[in-house]
Amino acid sequence: MTRTNPSSATASPAASSPDFPAPGGLCAIHQPNLFPRLVTLAKLFAADMWIVLDDVQFTRRDYQRRTRLAALGSPQVSRWMSVPTHLPQGRQTVVRDAAIADPGLARRRTTAMLRQYYGASPHWPALAQALESVGAAFGSGRTDVVAETSTRILLDLLGWKGQILRSGDLSARPGRSQRLADLTAAVSAGSYLCGTGGIKYLDESPFAARGISVIPFLPPPTEIWASGQQISALWALTTLGPAALVEQLRTITAAQITLEFPA
């Protein structure tokens, strides 16, 4: 599938008329995560399109408002970084309605913490420039906008040319697996890329009924991937640099997809 530039799709998080991609390709569906973990970023990088799951229940203890930052020379040493979030409807608040508590203070603390952890990296200047978009996103007052922007800038730094859409703009029936299958079909994707967590509960029958294949995305548990389930991809990006990380991601993607679609 020919990937399209995501800029038009990401310009307005509240867009109501998504620009649908061409039929076929790989679809990943994931809630917006704050500076996502390496395994999550790798899954999105491997996909042709990312459907941002923004109309499901917000979960405080998930990665929607927080991430673990690892020290440059010591990935085993990490600390939570969080965006204080208010839920207007309590536990029933959906992702896109979660509000940042004191956006100005949250922005300053986030910026300071990122500089503290990664300012010494030779790759910091490029990241710092990209982070300006994240800083601006705090002005929206919405946690999901900050989280989605933090993911998008990392994908941009890695040269990803896929398309971003949002589940709130698409039609889907209830039921966890049914919903994912409907969303995949709504963007005319031929395959659904499923991560390590989702594969444990996924029912593939709704996908099979629509002629959609399910591809597990399972990176190896070694080298930079050993901590990829726990810490933000920022560590790998600032340690290796964008070019080297892209090579790692392409190698993993090629190995995964080739297993599913042998030549």
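**Entry 1: terms and overview**

I count as helices the DSSP runs of H or I that hold at least four residues, numbered from the N terminus. By that rule T110 lies in helix α3. I note that the model I am reading is predicted.

I looked up the overall make-up of the protein chain and found nine helices and nine strands. Of the 263 residues in the chain, 50% are buried. I then turned to contacts between residues at least 6 apart in sequence, and 70% of these join residues at least 24 apart.

**Entry 2: helix α3**

I checked the length of α3, which runs over residues 103–118. Its 16 residues, at 1.5 Å a residue, should span 22 Å, and the end C-alpha atoms are 22 Å apart, so the expected and the computed values agree.

Next I asked which residues of α3 are buried. I found A106, T110, M113, L114, Y117 and Y118. They cover an arc of only 100° around the axis, and therefore they sit on the same side of α3. On the other side of the helix, I recorded R108, R115 and Q116 as exposed.

I also looked up what covers the buried residues of α3. The cover includes the strands β3 (66–71), β4 (74–82) and β6 (99–100). It also includes the helices α4 (124–137) and α8 (234–240).

**Entry 3: T110**

I returned to T110 for a closer reading. Its relative accessibility is 3%, and because buried means under 20%, T110 counts as buried. Leaving aside residues up to four places away in sequence, I found that T110 touches F35, M81, V83 and F138. I also looked up the separation between T110 and V134, which stand 24 residues apart along the chain. Their C-alpha atoms are separated by 9.6 Å.

**Entry 4: T40**

I looked up a second threonine, T40, and located it in helix α2, residues 38–46. Is T40 buried or exposed? Its relative accessibility is 5%, so I entered T40 as buried. With residues up to four places away in sequence left out, T40 touches H30 and N33.

**Entry 5: the largest pocket**

I recorded a volume of about 670 Å³ for the largest pocket. How many residues line this pocket? I noted 25 lining residues, and those that lie nearest the centre are I29, H30, Q31, G198 and Y201. H30 is thus a residue I had met before, as a contact of T40.

I then asked which elements supply the lining. β1 (26–30), α2, α6 (176–186) and β8 (191–194) each give at least two residues to it. Sorted by class, the lining of the largest pocket holds 11 nonpolar, nine polar and five charged residues.

**Entry 6: the cavity**

I searched the whole structure for cavities of 30 Å³ or more and found one. The largest cavity has a volume of about 40 Å³. I listed its lining as H123, A126, L127, L157, L237, T238 and P242. The elements that give two or more residues to this lining are α4 and α8. Both helices had already appeared in my notes, among the elements that cover the buried residues of α3. By class, I entered five nonpolar and two polar residues for the cavity lining, with no charged residue.

Key. Residues numbered from 1 in each chain as written. Predicted model: local features only at pLDDT ≥ 70, side-chain atom pairs only at ≥ 80, totals over all residues. Heavy atoms only, no water. Expected span 1.5 Å × (residues − 1). Buried < 20%, exposed > 50% of the residue type's maximum accessible area, 1.4 Å probe, protein only. Arc of directions from axis to C-beta. Contact = heavy atoms within 4.5 Å. 1 Å grid on protein atoms, 1.4 Å probe; cavity = no way out; pocket = protein on both sides within 12 Å on 5 of 7 lines; lining within 4 Å. Points joined across faces, edges and corners; volume = space filled by probe spheres on them. Nonpolar A, V, L, I, M, F, W, Y, C, P; charged D, E, K, R; others polar.
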